Amino acid sequence: MRLNFMKWICLLVLFTVIAGISIYSQTSYSRKAGDIELLARVIRAEAEAEPYIGQVAVGAVILNRIQSSDFPNTLAGVVYQPRAFESVSNGMVNRPPTESANKAANAALSGWDPSGGALFFFNPAKVGAKSYVWTRNIIQQIGEHVFAL
């Protein structure tokens, strides 16, 4: 009997650790091929040099914006919102997605949100001191990006 109890305790601890590391959303998103590719292209363009978890977090931020009344309610609307993403302005979003970006897009679309619900991300080394993003509440850093509400 004690062995079964210990197994349950171990499983509970493991679940708690996993849940603490990764936040999963209950929201479901479009799985249309065009949406997956668009999300993956933005992930590549914005976070190609970031670790995989950072790539997923960037995808999650985009999906979080869809759910926020402060942003357009479609993926294309969020991505192509004027001045929202540098990679759209400079054309980098038009490159084909990498395998890692495709996996990150699918992970974000499945509900994994390592950003902690963030609506913004940026690289502090690339943002001027007077940028509005510094007014946002920073909640964490993953790789070179910080994530904010």
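Start by selecting R83, which is exposed at a relative accessible area of 78%. Here "exposed" means over 50% relative accessible area, "buried" means under 20%, and "partly exposed" lies in between, using a 1.4 Å probe and protein chains only. R83 sits in the loop between α4 (75–79) and α5 (86–89). Check its backbone too: phi of R83 is near 65°, a positive value in a residue other than glycine.

A word on what you are viewing: this is a predicted model, in which local features need pLDDT of at least 70 and side-chain atom pairs count only at pLDDT 80 or more, while totals for chains, interfaces and linings use all residues. Residues are numbered from 1 along each chain as its sequence is written, and side-chain values use heavy atoms, with hydrogens and water left out.

Now zoom out to the whole protein. How many helices and strands does the protein have? There are six helices and three strands, and from the N terminus they run α-α-α-α-α-α-β-β-β. These elements are DSSP runs numbered from the N terminus: helices are H or I with at least four residues, strands are E with at least two. Of the 149 residues in the protein, 39% are buried. Switch on the surface if you like: the accessible surface comes to about 8,700 Å², and 59% of it belongs to carbon and sulfur atoms. That area comes from the Shrake-Rupley method with a 1.4 Å probe; for residues, only the protein chains shown count as cover.

Next, go back to helix α4 and select V79. V79 is buried, with a relative accessible area of 1%. Not counting residues up to four places away in sequence, V79 touches L38, V42, I62, F85 and V88; a contact means heavy atoms within 4.5 Å. You can also draw a distance from V79 to L63: the two are 16 residues apart along the chain, and their C-alpha atoms are separated by 9.9 Å.

Now show helix α2 (residues 33–47) together with α3. Their axes come within 9 Å and cross at roughly 125°. Axes are lines fitted to C-alpha atoms, for helices over the stretch in contact, and angles run from 0 to 180 degrees between N-to-C directions. The pair therefore counts as oblique. Which residues meet here? From α2 come L39, V42, I43, E46 and A47, and from α3 come Q55, V58, G59, I62 and L63.

Stay with α3, which spans residues 52–67, and select A60. Is A60 buried or exposed? A60 counts as buried because its relative accessibility is 3%. Leaving aside neighbours within four places in sequence, A60 is in contact with A108, W112, D113 and S115. For another distance, try A60 to I43: they are 17 residues apart in sequence and 9.7 Å apart in space, C-alpha to C-alpha.

One of those partners, A108, leads to the last stop, helix α6 (residues 99–109), where A108 is one of the buried residues. The others are A101, A104, A105, A107 and L109. What covers the buried residues of α6 includes α2 and α3. Finish at G111, which follows α6 and has a positive phi, near 110°.

Methods. Parallel < 35°, antiparallel > 145°, perpendicular 65-115°, else oblique.
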